[in-house]
Structure formats: C-alpha cells, structure tokens
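User: Please take a close look at one strand of this chain. I would like to know how it is covered and what it pairs with.

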There are 2 protein chains.
Amino acid sequence: MAEGHLTYEDSGVDYDRIDPLKVLAQQAARATGANLERAGARTGVREVAASRGESAYVVDIGDAYLASITECLGTKALVADAMREVPAVSGVPGAPRRTWYDHIAQDTIATAVNDLVTVGARPLSIHAYWAAGSSDWFDDTERMNDLVDGWKAACDVLGVAWGGGETPCLTGVVEEGAIDLAASCVGIIRPKSRLTLGEDLAAGDAIVLLESSGIHANGLTLARKLSERLPEGYATVMPGGRKYGEALLDPTVLYPPVTEAAFEAGIGLRYIANITGHGWRKIMRHPGRFTYHISEVPPVPEVLQFMVDETRQTAEEAYGSLNMGAGFALFVRPEDGEAAVACAEAQGVRAWIAGVVEDGPRQVVIEPPGITLSGESLALRD
Amino acid sequence: MAEGHLTYEDSGVDYDRIDPLKVLAQQAARATGANLERAGARTGVREVAASRGESAYVVDIGDAYLASITECLGTKALVADAMREVPAVSGVPGAPRRTWYDHIAQDTIATAVNDLVTVGARPLSIHAYWAAGSSDWFDDTERMNDLVDGWKAACDVLGVAWGGGETPCLTGVVEEGAIDLAASCVGIIRPKSRLTLGEDLAAGDAIVLLESSGIHANGLTLARKLSERLPEGYATVMPGGRKYGEALLDPTVLYPPVTEAAFEAGIGLRYIANITGHGWRKIMRHPGRFTYHISEVPPVPEVLQFMVDETRQTAEEAYGSLNMGAGFALFVRPEDGEAAVACAEAQGVRAWIAGVVEDGPRQVVIEPPGITLSGESLALRD
C-alpha cells in the first residue's frame, strides 16, 4: 500500500458494521406492508412493494402514488463549522468570513429530493430536522439567517412547500456546538405512468450522466480526514487557486428540475439513480443482470481530483466511493438520449450520453480509466 | 422559592432562546406555500394555508388531503441508557436487565403519529431516523432487536407501513454512545370532510381528555435532572413500589386508533390537540378566543406526581409543563361527548368528559386545583 494512501474505510466509516441492523430493520419494515393491504379494501390504499429497496417508499392511493423519504446530511456541517474560521475568498487574508450554512441547507434538502425523484415523484413538501446540541446554537443570528435563507431558496428552486420542521435542543445526544441536519420529503406521482421502478430497463438503453458540483454530501468523512493531514487543512489552496474547504462546500446540485423537465418532455425514463455513497457503484443500483458500459467520463471536479491525488486512491477506489463528476444518472430509451441531455442542459445542468446498458454480469465497466466495479462488491440496495 | 424547587427552565430547556429561529424559519416556510400555488394550475396541488401553525402540514391534492410531519423523540433514550444498568423488576436485585428500546421505539413513533392525526389524517407510512454517534451503537444485538421489534410492533398497532429510514453514523455530531431518534409520517385525509383545523370549534363543545401512560416524551430533561438529585437515581423506588426510571419508560400511548374509531363512528370532532410540551397549555392550542373550563381532572400517573412532589412544583408549573395524566384532547359537539369517551375506551384508552369550551379570554381554567393557565404565557403555536 503506497505511503499516504487513505481509503474510505480507513477514514472511519465502516458500512459492514452497520449492515446487520439495516437488514434486520428492512425485514421488519417489509413485513409492515401487509398493514396497508389489510386496511386496503376500506381505505383504497396499498403499498407498492416493488419500491422496497428503491430510494423512496411508494404507496398507491388510487388515482396517484405517494412517495416519501427521510434523509440525513451526514457530517458535512462540520466542514462548514471549520471553514467559518477561514476567510471566504482564497488568497485574501482580510476577506470576510461566512458561515456556509446557506450551502449546507441546500445540501441537506438535496439529499432528500434527489433520492425522492428517482421513483418518478414530483416533490411537494419538505420538513426540516435541525437538532442542536445546545440552545446556544440558535443564538448565532448570522448562521441562523444563512440556514433559513438557504433552506427557503432551495425550496423555491424546487417549487416545493417548506411544510414545517423540528428544531430540538438535544443536550447529551448531539455534541455541544454541533447540529444534526436532516430533511424529509413527500412527493406525488401523477399520472401514475410516471412511476419509475426500473421494470422496463433493457439492454441498449442509454446511460445519461448529469454533472455534480463537487463532493455533494458523500465522502465527507474521508474529506475531513484528509484535511487533518494537509499542512493548512481546509485552507490549503488547490492547484486551480481555490481553497480545499471552500470547494468542498459547493452546494449539491438539485436534480428535480431536470427530472420534471424530462417527464414533461415525454422522455422515456426507464430508471433513475442518485449517485451518492459508494460512488459509481450506484450506477448499477437496478437489481437486474445488466452491465453498464461507460465510454465517456465527465470531467472530474477539482476538489475530487485533489482528494484522489492526495489520498493516493486508485481509480477503482475513487469511482467506487466518490461521484467523480457525475451526481445523477438517467437511463433512457436509446432514441431519447439526446433529448435527455438537452432537458438537463436547459435546466443548467451539464449532461452526457456516457454509455449503454448491456446484457451481462451486474457490473459497471468504465472504459477510459479501464476499471470494472463489480456488483458483488456491496449489497447496494440495502 | 422553596428549597428543592426545580422548574422546567432550571432543568436546562430554554424555549425562549429557541424562539427567534423558530419564528424566522416559520416566516420563511410560510412564504414557500406560494410555490405550490404557482404550479397549482398544472399539478392540481395547493397548500392548505390554515394548517400552518397546526401540528401537521396539509396539502390539497384534489380528491384528498395529504398530511406530513417530522418529530424528534428528544432525550428520553438517555433514560433508557441509564436504566439498562438497573434490574428490570423493582426490588429484585438479581432480576434480568433490559434495554427498554422497544418502549423507546414506540415513544418515537408516538411523537409523530399523535401529532399527525390532530388534523384528521389517517397515518399511512413512517420513516425511521436513527442517527448514532458511532458504528458501535449498531453492534449491540439485544438493543438493536428491541428497537426494531418495538418499531414494527407500533406500526402494526397503527396499521401503517414502515416505509424505510436512515441509519447514519454521525461521529462528531452525535455523542459517542448516544442515538438521535426521530420519525416522519405521511397521512391521508379522505374523505376531505375529515380535515380538522378547528374552524367549527364553538362555545359549548365538550372537552374529552384521554389518559396518558406517564410522562410520554415531554418533560424528560426535568426528569433526568431530578434523577441526579435522588439518592438512588432512576433506581429510586416510588411509594407504590415501582422504580422511578422504570415508570418513566412506560411507552407513550398511541392515540390514532382512537381518532380513527371516532371518525368512523361519525363523531363530530371540532378540534384535536396532542398534549406534549407546555403540558395542559396545549389544551388552548386552538387560536380562537376561548376559555377551556376543566371540571374533572384525570388521575395523575404516579411517576408524574412523584416528580411534582420531589421538585416542589406548584400546580401551575405542573399542569403548565407536564401532561398530568391527560395525553390527548378531543373537542367534540356537546351531544358527542359520551360517544367519544366510548370510542376511546373501546380502544383501551380511558377517557373523560373533562370540561367545556366557553367564550372568554384564551385560557385554561382547571377547577379542582383552582388554577388558570393564561394564553399569553407562551406563543403556543410556534
């Protein structure tokens, strides 16, 4: 192992140790689907069992489906907390500082809505979950304003209603000075034909990758670990001139305007995947026996390339844990590839027809770096 | 101030300090309602603005309303963590110990569903939010099993689907060894006539109070503070023979079966209030100018009476911060009082026609102890 090599597992996140609980919980959750069935005749409601294992849970209410989700930001707010001590403009020591919580707000909302829309839902309302370690957290007017402004701005971009939220003070549960941020989102799938669970995915379908803005909200534990090794930490200036911490805080792309535009344009979306934890392994999120052959790789955001270089990651490690420039994947009929790209770009999101779905073992083959991510490497749907 | 006197504010929860953020967030949230209006003509969706300030957010989707909510357990899990070191059976030193996380699971779900049903919704699906301070938390098989079993059992009682959840490991955000528990819930209001926002509440309506099982999930910071003053802490045996900590962990009553039964029985529910933080001040949650005259007070659970006695609280303080035996309030047409009580009792929940709504200043007058809780004392709807 090369000197300086740092993997996702080294950084303290151990997915294997969380899995037993997840499997136990998933089995119990699955069994509760029958509760809706039992009441179904009277209430006209039943679960869509095929949504189990997908990124959002779907219920059939008759003339429409409902989708719902709760997602956690993770530890990205700790980067914002650290960067608040660093002048906002790279190379200008006297430049004003900022809280970055407007960006953090968008990141939190993005974790929820980008998952929700993968089943074909239109997001309707969002609830905020902001749990602080002490009442002090809410005394900081500048940070509060940024968090609220960023939250509202993201809702406005999405066209959703901020329905409410919970702002508990959890001394003894949340660390002093920290905040646990999460978002829950409810969406509607109407007409019901918008439901996207991947039944129609087929060999020959085009894989359209949508650009990411940077690290988004996955890989932050590794990013934080790396900052400890850098002589100037988050203030380290990358080759392009921006500070490492500043670039980490570029807000996550909100993809729902792209999926909405694609549905309205009548594009045949066969499957949709949000590329989050496990990086490009999420491209093979669909349970079918398909090989995803990628021949065009989007440009890698500088902050991710910097992380890969500084942690001496192999291409397999990098593409298997980070988004590497692609934050979202649309799987479309071959003839819809160009139209899907045009839809994304009309919403200001760069996109590429990056590859094709093929019959074959479940894996992602990435041609240009010449690597293969195997479907056996992780239980991706858990 | 009497020696030994301990109030809710002394215990470290300072609602006033959280309020500025809440008001700021509420104003911003309110402004996003227009996002749904703008898209309304095309999507057939609009917000029900009157639900702002109520316990769940309501959206009109055409032939039905959707209600949604996210709620946090608070710090009650810390009591379970401490009680795990104490034998489960009072007075039996060699008795087996238990994790209590099955009860904690029900408490967490109750915080969400008991709020959700106040607007007339039938709960459909629940998402779990279990954020641990380290991966270790998920290694404890006994505790994991209890949490999962309790969560599933509560879903089964409610007839809802456990749709999924989030189980992040948030080292640096959540305290080592601790877990931040929350639940989000989606419900449907169909027929639309079930929508219960209080427009029809009127003088003469009966106030039906439903029993609590104990402290539920509010007042735990005070309860934890008190345990530090007791010579044997949570293991202190109360006059009736049960341990203080054991009684604190009696799971919160799930009230949705009562509201469902009441709606199905055609009972005219004019308003519904979940009695949580601020205790009986929640009885005047409705924004109207009404006096709530209580002439019959339910029996006080021993654990609450013990807390009140040990902390030397006045009746005003006790009824103004704890549920004091009444965890939920139904406001019904005068002629429906008896039927509402019968509905609750058929679901195994004791209930009383405890008082009447009167014209007058916004206040709760509790006759037997002879106290008045004033509507000016807190911004209850924030």
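Analyst: The strand comes before the chain as a whole. This is a predicted model, in which local features need pLDDT of at least 70, side-chain atom pairs count only at pLDDT 80 or more, and totals for chains, interfaces and linings use all residues. Residues are numbered from 1 along each chain as its sequence is written, chains are lettered from A and ligands numbered from 1 in the order in which they are written, and side-chain values use heavy atoms, without hydrogens and water.

Strand β3 of chain A covers residues 65-72, and eight of its eight residues are buried (under 20% relative accessible area, 1.4 Å probe, protein chains only). Strands are DSSP runs of E with at least two residues, numbered from the N terminus. In a regular strand the side chains alternate between the two faces of the sheet. In β3(A), one side carries A:Y65, A:A67, A:I69 and A:E71, the other A:L66, A:S68, A:T70 and A:C72, and all are buried.

Two strands pair if DSSP finds at least two bridges between them. β3(A) pairs with strand β2 (residues 57-60) of chain A, antiparallel, over four bridges, and A:D60 stands opposite A:Y65. The two strands form a hairpin with four residues between them, and A:G62 in the turn has a positive phi of about 115°. β3(A) is also antiparallel to strand β6 (residues 179-189) of chain A, joined by eight bridges; there A:S68 has A:V186 as its bridge partner.

As for the whole chain, 64% of the 382 residues of chain A count as buried. The C-alpha trace of chain A spans about 65 × 50 × 40 Å along its principal axes.

Methods:
Buried means under 20% relative accessible area, exposed over 50%, partly exposed in between (1.4 Å probe, protein chains only).
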